[in-house]
Amino acid sequence: MRDVMKPILAVLALVATSLSLVATATSASADTAPTDTDLPKTVSADVLPTVQIDGVAWKQVIVGDTVYVGGNFTSARPAGAAAGTDETPRSHMLAYKLSTGKLVSGFAPEFNGQVKDMALSPDKKLLYVAGGFTQVDGANRYRAAAIDLATGKATSFRPIFNSTTNAVAVSSNAIFYGGVFTSADKTARTKVAAVKPGDTGTSLLPFNPKLAGGNVNDIVVSSDGTQVVIGGAFTSVNGSTKPGYGLARLEVSSSSSLALPVNTEVRNAGAEAAILSLESDGTSFYGSGYNYGTGGNLEGTFKADWKTGSLTWLEDCHGDTYAVWPTADAVYQSSHKHGCDTSGGLPETKPRTWYHSTAVTQDVRGTNVADDKYNYPDHPGTPRPEFLEWYPKWTNGTFTSSGQATWTVTANDKYVLFGGEFPKVNGVAQQGLVRFAVKDVAPNKIGPTLKGAKWALTATSTTAGKATVKWPGNPDKDNATVTYKLYRGTMDSTPIKTVKVTAPFWKHSATTFTDTGRTSGSSQKYRIEAVDPLGNVSRSDWVTVKIK
């Protein structure tokens, strides 16, 4: 994203139009209680109390009811505790309970440098770690380690990388690392390598594709372990730029490049663009990226097929996307999106508005259109998903000096977890880590955003016996449907007008109603309320008008 990527590049180096009273249907929009049953439900936007950190979280891994967090931080504190109070030392890794958000007291490995990525072993007993550290619990571990989840201690697994590892992925036969390094176990390996798994020291595997250009940022493995996809800023792989420009699909046994048609459409590499994240659900892989100059064309997310390497859909938002996580029905994203017009999503605004967490459908729901307004690289004619009505509000952090909020997202069938450097979510102090849950688990207390004096209801009278009442739209962070009820005189009365709107938040525009039959010279007072499908209510202040 052109205007904020300079500080982010440094971090990566370290790591009213008026509506009539007829509510018309707009584009489909799903949420915690969608009126369109063809669309999936999202998690609630309720901020669930979660342990906090004093730095930044780069990765979270869910194992049963435990969440393991890696990043760049030195202490943890309970939800609700102010910075500097009730602190517990934690050196770049911690664990908390998924169901409660509370710190796990017995898990505290000590890393002397940041943790960038983690991957769970197939038997769920070991956590393989990548990062910038050189010691774990005082023992030498050069940017790769394995943590025994039963003991919280590092095993004897100790491959040696001569520079930072950004990513780690696991199959039953190999542990794959990607990053900045040029050697592994004192053997030439350019930014990607594989070693044998387990607790037997280390043994470098023959896997050795030839990369040129920038670093590897992430790596995923096919479900059968025979292929990997790598993403980053590299400009060619095995002598090829198509595929090989920021993306490559590789055969593990031979290190050779495989067909990757998605790389014809998604072109991010070089000094000012890259693929930043990759994830897999077994049948598809997902990627996200950034573009700051002329080297790339994607700031959003794509989905591709493991069998063919071909594009399934592409979400063409403007605003870099740092991480992506697929669930069964929805795909959640960590980013700083500010304009998704070309993909049927939220519009660009002036001044610019940032959205650090979004969700889209797993399936194709439309087609991308050309960007004829802002001159960004675009992807007209490609399939796109649908944006879901889920927009928590984030406060940017200061730890990385990049002015961002979220950096990573992880989920299971009940929870969606975000990590980063944010100090607040929805105005609630909650630093670095936060949980969201499905409707059956969440308190579901998020209602329409505006209330009181901040919801500017107006009433005027310029014609005898009539009052004109106008109110701005009042959307909800996790529900597309809002019912507006206008009251005259008292809340005990029946609303004089009810308007039900189902629309994305940016289409909840101002509404005007004319109240007729009023007595000239009398005073009338009005109040508007907004109600979401779960019964959460927001009300304006009363306003009074003298009837002409």
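Strands here are DSSP runs of E with at least two residues, numbered from the N terminus.

**View 1. Asn166 in strand S14 of the predicted model.** Start with Asn166, which sits in strand S14. Asn166 counts as buried because its relative accessible area is 7%, and the cut-off for buried is under 20%. Its side chain isn't left on its own, either: it makes a polar contact of 3.3 Å with the side chain of Lys116.

**View 2. The largest pocket and the residues around its centre.** Now for the empty space: this pocket holds about 860 Å³. It is lined by 33 residues, and those closest to the centre are Ala119, Leu120, Glu279, Ser280 and Trp325. Sorted by class, the lining comes out as 17 nonpolar, ten polar and six charged residues.

**View 3. Strands that line the largest pocket.** Quite a few strands chip in here, with at least two lining residues each from S3 (56-63), S8 (115-120), S14 (165-170), S19 (211-221), S23 (273-280), S27 (321-326) and S32 (406-411). Which strand gives the most to the lining? That's S3, with five residues. Strand S14, one of the contributors, is also the strand that holds Asn166 from View 1.

**View 4. The second largest pocket.** This one has about 440 Å³ of space. Its lining is made up of 20 residues, with Thr353, Tyr355, Thr449, Pro475 and Phe505 closest to the centre. By class, that lining splits into eleven nonpolar, six polar and three charged residues.

Key
Residues are numbered from 1 along each chain as its sequence is written. This is a predicted model: local features need pLDDT of at least 70, side-chain atom pairs count only at pLDDT 80 or more; totals for chains, interfaces and linings use all residues. Side-chain values use heavy atoms; hydrogens and water are left out. On a 1 Å grid over the protein atoms alone, a cavity is a set of points where a 1.4 Å probe fits but cannot get out, and a pocket is an open set with protein on both sides within 12 Å along at least five of seven lines; lining residues have an atom within 4 Å of a point. Grid points are joined across faces, edges and corners, and a volume is the space filled by probe spheres set on the points. Helices (H or I, at least four residues) and strands (E, at least two) are DSSP runs, numbered from the N terminus. Ala, Val, Leu, Ile, Met, Phe, Trp, Tyr, Cys and Pro count as nonpolar, Asp, Glu, Lys and Arg as charged, and the others, Gly among them, as polar. Buried means under 20% relative accessible area, exposed over 50%, partly exposed in between (1.4 Å probe, protein chains only). A polar contact is a pair of N or O atoms within 3.5 Å; within protein, one must be able to donate a hydrogen and the other to accept it, and residues adjacent in sequence count only if both atoms are side-chain atoms.
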